[in-house]
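Colleague: Please take me through one helix of this model closely, and then the other places where the local geometry deserves a look. Keep it brisk.

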Amino acid sequence: MRTAPAALAAVLLTMLSVPLPAAAQAPAAGPPMGWSSRSLGCSVSETSVRAAADALAPLAPLGYRYVILDGCWLAPQRSGGALAADPARFPSGIEALAAYVRGKGLDLGVSLSAGTKACAGGGPGSYGSEAADAAQVKAWGVGYVKYDWCDIPKADFPGQNVERIARTLYPRMRQALGDGVVFAMNNEDGSTVPWLWGKEAGATTWRTNVFNRPIADSYATMVDIWEFNQLRAEYAGAGSWADPDLIQAGLGGMTATEYRAQFSLWAIGAAPLILQADPARAPREIVADPEVIAVARDPLGAHGALARSDGWYHVLVKPLAGGDRAIVLFNESDRAATISTDLGPGHHRIEDLWTGAVTGSTGELAAQVPAHGAAMYRVSDGRAGTPLVTFEVDPAALGDDRPSVLEPGVTGEIVTRVVNTGATGALRDLTVTLAVPEGWRAEARTPAATGRLRGGETFTVTWAVTPPGGAALTEHRLTAVAAFAGGRVPGEAVVRVARAPGAGTTHLSDLTWTAAKNHFGPVEKDASNGERAAGDGRPLTIEGVRYAKGLGAHAPAEIEYYTAGRCATVRFLGGVDDEVGQAGSARFEVWADGGRVAASELVTGADPAVEVTASVEGARHVRLVATNGGDNAYSDHVDFADATVTCH
């Protein structure tokens, strides 16, 4: 450990004699809540932070408290041995900003680094100056410190791995800050395995993901990070919370359904609820639901655990103080699906925390959950007047994880199904209605009403649904209502309108795919993958050979087409595009419905294209896949050159 210079020691002694501001409060019970400036990057300023505090203040009664400067606030150098704010971004200083934030009923937070430099925006780290820096930020009135892991002088710790170094450095700052400041232990790449020892080190929160970058505003990344977080559940508990990173609601990269799912998963995991979007833009219907927040901050402090999971459909249960349970049904798949769990014997009162509906059940909880969505409940012992009703619109068959497909101008069938799941009484005068987009037709082929539906019984209606010939080749929403004496239950389904290829051989780049996933940027038609915006690719080129037609992607990648069981063969030349040189590696596959029907050997940037031909007879969906070759994915620009499908 380095010795602080005399000037710094003098600063430390001065700060130790300064009492904390009178408005400073002890950290509140429950995981911390607030807002982070991360999305502002180094455009952050005292003006933008004050505006964020203004917008966050109305949420303070719900528990939102901390306004956190996540980097770019420090001056490049210390002043007289002490930390100083960047004079251009924060001309009034951090103490004045903290006072302003406290005036809004909130607390200021700042990021510091355990190494020699700050992680973002320049400025000094706290290595060797932990006591002085802790005293200084406390004197300013800071109530939250996010302690980053950048520029660690590993040479000062010969023979020690990164975990041992972290076990030395993080507790130094925790002890210097004392218990009155939230201590968020932040090591984004997981190399220090903080979940194993964060609690004993006194960390209020500790990061759980193993990504070396912050959470991205995308559904796939959110799910990955949630899964990593769930693996650390056993180490979390009251006062030391597992932190899967920020809440994304309001940023715009996910749907409202996906944002609600994230908030549900974070809440049942007792995770910090720190907003990344401007608080003024964060949707109140998601981030300000008091019943959901009460689950996150329940005094028992339990981290919700998986009670059931098959890879796509998950049931999480969190015990609550007083004996209640919180339950989340999470549908990770791309199609709405019914998820259920056994509540045990007896009568159960079930409150839907997102809608407020209260129903009863004698043993089962079940709901059709939208694709990428989550339903969240509080379950207690007791009775409710209305039985739990499970309303399914276009229910999925086992293993079907994609929306149903209708063809333009062609009549197809959609089924609705009502189940008296709660079985606490009969449903009387039940009527089901189905609404379709303008220009579509929907007619009931079977009776759409019944006088009584007893406990445990099911009522099914089959509908003939016809999209117009000019219907857009995209996803469309169907809505339905099951109405009965004393209640009504809404339901919905997403269906895709797609046109199968015509007879003969067609280039796949001339067709509209039904789904595409790509590691970097969008999949390109007749061009390589440029990693960023659509249309930024170059000519498809593999080992000096240019191809006018094909698909450019970045492995891992999946591109799916609707073939309606009318196609025979898919063919393409797979390779790594010349624009990455000899770097990159991948394997190419073809999947027909749920099975793989062709696969290539490993192809690298030094190899010529390989021909892949697959029989897809009878398949309704055909998927082209490029998998990562087993190394990093940075250079895996893959081409499906001259890709064609031949149909009857």
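Modeller: Start with helix α5, residues 162-177, in what is a predicted model. What span should its 16 residues have? At 1.5 Å a residue, the expected span of α5 is 22 Å. The rule multiplies the rise by one less than the number of residues. The end C-alpha atoms of α5 are 23 Å apart, so the model agrees with the expectation.

Look at the start of α5 next. A side-chain oxygen of Asn 161 comes to within 3.2 Å of the backbone nitrogen of Glu 163 there. After the helix comes Gly 178, with a positive phi near 80°.

Now the buried side. The buried residues of α5 include Val 162, Ile 165, Ala 166, Leu 169 and Leu 177. Charged residues are on the list too: Glu 163, Arg 172 and Arg 174 are buried in α5. Tyr 170, Pro 171 and Met 173 are also buried. What covers them? The cover includes strands β3 (107-113), β4 (142-148) and β5 (182-185), together with helix α4 (130-140).

Helix α2, residues 46-56, can be read in the same manner. Its buried residues are Glu 46, Val 49, Ala 52, Ala 53, Ala 55 and Leu 56. They pack against strands β1 (33-36), β2 (66-69) and β8 (273-275). Helices α3 (94-103) and α8 (284-287) also take part in that packing.

Next, α6. This helix has 13 residues, which should span 18 Å at 1.5 Å a residue. Its end C-alpha atoms are 19 Å apart, and that agrees. Buried in α6 are Tyr 219, Thr 221, Met 222, Val 223, Ile 225, Trp 226, Asn 229 and Gln 230. Their packing partners are α7 and the strands β7 (241-243), β9 (305-309), β10 (313-319) and β11 (325-331).

The α6 and α7 pair deserves its own look. Two packed helices are described by the angle between their axes and the distance between the axes. Here the axes of α6 (residues 219-231) and α7 (residues 256-268) come within 11 Å and cross at roughly 10°. That angle is under the 35 degree cut-off, so α6 is roughly parallel to α7. From α6, Tyr 219, Met 222, Ile 225 and Trp 226 make the contact. From α7, Glu 258, Gln 262, Leu 265 and Trp 266 do so. By type, the contact residues divide into 6 nonpolar, 1 polar and 1 charged.

Is Glu 227 of α6 buried or partly exposed? Its relative accessible area is 31%, so Glu 227 is partly exposed. Its C-alpha lies 9.8 Å from that of Thr 208, which is 19 residues away in sequence.

From α6, step to Asn 331. This residue sits in strand β11, and one of its contacts is Tyr 219. Asn 331 is buried, because its relative accessible area is 0%. Which backbone oxygens does its side chain reach? A polar atom of the Asn 331 side chain lies 2.7 Å from the backbone oxygen of Arg 335. The backbone oxygen of Pro 370 is reached at 3.3 Å. Other contacts of Asn 331 include Trp 312, Tyr 313, Ile 339 and His 372.

Glu 560 is another buried polar site. It belongs to strand β32 (residues 557-562), and at 9% relative accessible area Glu 560 counts as buried. Its side chain makes a polar contact of 2.8 Å with the side chain of Arg 402. A further polar contact, of 3.5 Å, joins the Glu 560 side chain to that of Arg 623. Among the residues Glu 560 touches are also Trp 513, Thr 514, Ala 515, His 621 and Val 622.

Last, backbone geometry. Most residues other than glycine have a negative phi, and most peptide bonds are trans. The bond between Ala 555 and Pro 556 is cis, with omega about 0°. Pro 556 is in the loop between β31 (550-554) and β32. Asp 526 has a positive phi near 60°, in the loop between β28 (524-525) and β29 (540-542). For Asp 593, phi is near 55°, again positive. Its loop runs between β34 (585-592) and β35 (595-599). At 28% relative accessibility, Asp 526 is partly exposed. Asp 593, at 28%, is partly exposed as well.

Notes. Residues numbered from 1 in each chain as written. Predicted model: local features only at pLDDT ≥ 70, side-chain atom pairs only at ≥ 80, totals over all residues. Heavy atoms only, no water. Helix = DSSP H or I, 4+ residues; strand = E, 2+ residues; numbered from the N terminus. Buried < 20%, exposed > 50% of the residue type's maximum accessible area, 1.4 Å probe, protein only. Polar contact = N/O pair within 3.5 Å; in protein donor to acceptor, adjacent residues only side chain to side chain. Contact = heavy atoms within 4.5 Å. Axes fitted to C-alpha atoms, helices over the stretch in contact; angles between N-to-C directions. Parallel < 35°, antiparallel > 145°, perpendicular 65-115°, else oblique. Lists of a residue's contacts leave out its neighbours within four places in sequence.
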